[in-house]
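Reader: I'm new to this one and would like a walk through it. Can we take it a piece at a time?

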Amino acid sequence: MELRRSRGARVLALVCVLGGVLLLVYPSDGALLRTIIAVGAIALGAVALVSALRPFRFGIHADGLTIRRPGLRRDIRWADVGVLVLDEPPRRDGRPEPPRLLLVPAPGVPLEPVTARHPIDGRPAIELLVLDQVREQPDQVSAALTRYAGGRFVDLLALRRAAFDTPDLPVGLRGYRMDRVDRLIRRGQDALMSGDAATRQAARGEIERASAAGLPIAQRGYHTFQTDTVLDALVAALADQQSTDRETAT
């Protein structure tokens with residue numbers, strides 16, 4: 001499977017260049033300021049356009065991965081792969097970040113440059129791809145990696161959804177601080193995925209203590225009622241897993 005580069009960067013670069021040109025062509029009051037803004041837009045667009053036109057290839061095939069992109073040119077055999085992880089970084093201001101594909105090499109395989117960490121165990125990793133760079137959807141990339149990489153590939157996006165599928169929380173004035181809520185939800189999801197009773201118990205306790213103490217309020221944050229409902233459901237899911245563990249043990 002050959003991934004196709006996204007057109008978004010080229011479109012944005014062209015918009016910057018054309019916008020700057022139009023500012024230069026049509027004079028008006030405040031000419032100096034307009035000229036400065038126009039030149040800045042043209043320069044920014046030109047740099048982005050050059051980057052967007054650089055060679056790009058990301059191939060997923062029976063022998064491994066073929067990568068040709070700015071900052072990384074490498075052929076990676078499956079034998080050199082310890083684990084491939086499709087992960088989504090924590091949200092920023094309530095907005096999801098684009099998923100990324102990380103590589104942890106097999107033991108003894110040189111690792112450079114270290115640009116990331118395994119999201120669960122913290123092992124050094126290489127960021128191979130941010131998925132907003134390509135047109136394919138995460139599910140399509142995941143299917144190709146599952147087919148060719150087999151057990152070396154872990155789709156944390158799918159595992160988190162299966163463990164606890166979080167709805168998009170509404171945002172408004174005077175709501176819970178978004179980064180704090182997102183960390184608690186991620187903590188609970190990862191605990192549910194872990195398969196470890198002690199980890200789930202610790203996550204449940206952390207969420208319950210945070211809720212009991214009162215989550216911090218921000219000028220702009222998640223609506224309190226919906227957030228409380230989601231966190232209560234997450235605590236219940238963690239408790240159900242613990243009950244299942246006790247029943248299995250007996």
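Reader: Among contacts in the protein chain between residues at least 6 apart in sequence, what share join residues at least 24 apart?

Author: Keep in mind that this is a predicted model. The chain holds 7 helices and 11 strands, and of its 250 residues, 36% count as buried. Taking the contacts between residues at least 6 apart in sequence, the share that join residues at least 24 apart is 64%.

Reader: Let's look at the empty space. How many residues line the largest pocket, and which helix gives the largest share of them?

Author: The largest pocket holds about 610 Å³ of space, and 22 residues line it. Two helices, α4 (156-163) and α5 (178-194), each supply at least two residues of that lining. The largest share, 5 residues, comes from α5.

Reader: What classes of residue make up that lining, and which residues lie nearest the pocket's centre?

Author: By class, the lining has 10 nonpolar, 3 polar and 9 charged residues. Nearest the centre of the largest pocket lie E88, R91, T166, R186 and Q189.

Reader: Q189 caught my eye. Is Q189 buried or exposed?

Author: Q189 sits in helix α5. Skipping neighbours within four places in sequence, Q189 is in contact with R160, A163, F164, T166 and L234. The cut-off for buried is under 20% relative accessible area. Q189 comes in at 9%, so it counts as buried.

Reader: What about the rest of α5: how far apart are its end C-alpha atoms?

Author: Buried residues in α5 include M178, V181, L184, R186 and Q189. Just after the helix comes G195, with a positive phi of about 75°. Because α5 has 17 residues, at 1.5 Å a residue it should span 24 Å. The model agrees, with the end C-alpha atoms of α5 apart by 24 Å.

Reader: Moving along to α6, which residue caps its N-terminal end?

Author: Helix α6 covers residues 197-213, and its 17 residues should span 24 Å, which agrees with the distance between its end C-alpha atoms. At the N-terminal end, a side-chain oxygen lies 3.4 Å from the backbone nitrogen of A198. The residue that owns this oxygen, and so caps α6 within the 3.5 Å limit for a polar contact, is D196.

Reader: And which residues are buried in α6, and what phi does the residue that follows it have?

Author: The buried residues in α6 are R200, A203, G205, I207 and A210. After the helix comes G214, whose phi is positive, near 95°.

Reader: I see R174 has a positive phi although it is not a glycine. What is its value, and is R174 buried or exposed?

Author: Most residues other than glycine have a negative phi. R174, found in strand β10 (residues 171-176), has a positive phi of about 55°. Its relative accessible area is 54%, and the cut-off for exposed is over 50%. That is why R174 counts as exposed.

Reader: Now for E136. Which residue's side chain joins that of E136 in a polar contact?

Author: E136 is in the loop between β8 (124-130) and α3, and with a relative accessible area of 6% it is buried. Leaving aside neighbours within four places in sequence, E136 is in contact with M1, E2, L3, R4 and V141. In a polar contact of 2.8 Å, the side chain of E136 is joined to that of R4.

Reader: V141 is on that contact list. How far is its C-alpha atom from that of D155?

Author: V141 belongs to helix α3 (residues 138-149), and its relative accessible area of 1% makes it buried. Not counting residues up to four places away in sequence, V141 touches L3, I60, L131 and E136. D155 lies 14 residues from V141 along the chain, and their C-alpha atoms are separated by 9.9 Å.

Reader: One last stop, at G150. How far apart are the C-alpha atoms of G150 and W78?

Author: You'll find G150 in the loop between α3 and β9 (153-155). At 32% relative accessibility, G150 counts as partly exposed. Along the chain G150 and W78 are 72 residues apart, while the separation of their C-alpha atoms is 9.6 Å.

Conventions. Residues numbered from 1 in each chain as written. Predicted model: local features only at pLDDT ≥ 70, side-chain atom pairs only at ≥ 80, totals over all residues. Heavy atoms only, no water. 1 Å grid on protein atoms, 1.4 Å probe; cavity = no way out; pocket = protein on both sides within 12 Å on 5 of 7 lines; lining within 4 Å. Points joined across faces, edges and corners; volume = space filled by probe spheres on them. Helix = DSSP H or I, 4+ residues; strand = E, 2+ residues; numbered from the N terminus. Nonpolar A, V, L, I, M, F, W, Y, C, P; charged D, E, K, R; others polar. Expected span 1.5 Å × (residues − 1). Buried < 20%, exposed > 50% of the residue type's maximum accessible area, 1.4 Å probe, protein only. Polar contact = N/O pair within 3.5 Å; in protein donor to acceptor, adjacent residues only side chain to side chain. Contact = heavy atoms within 4.5 Å.
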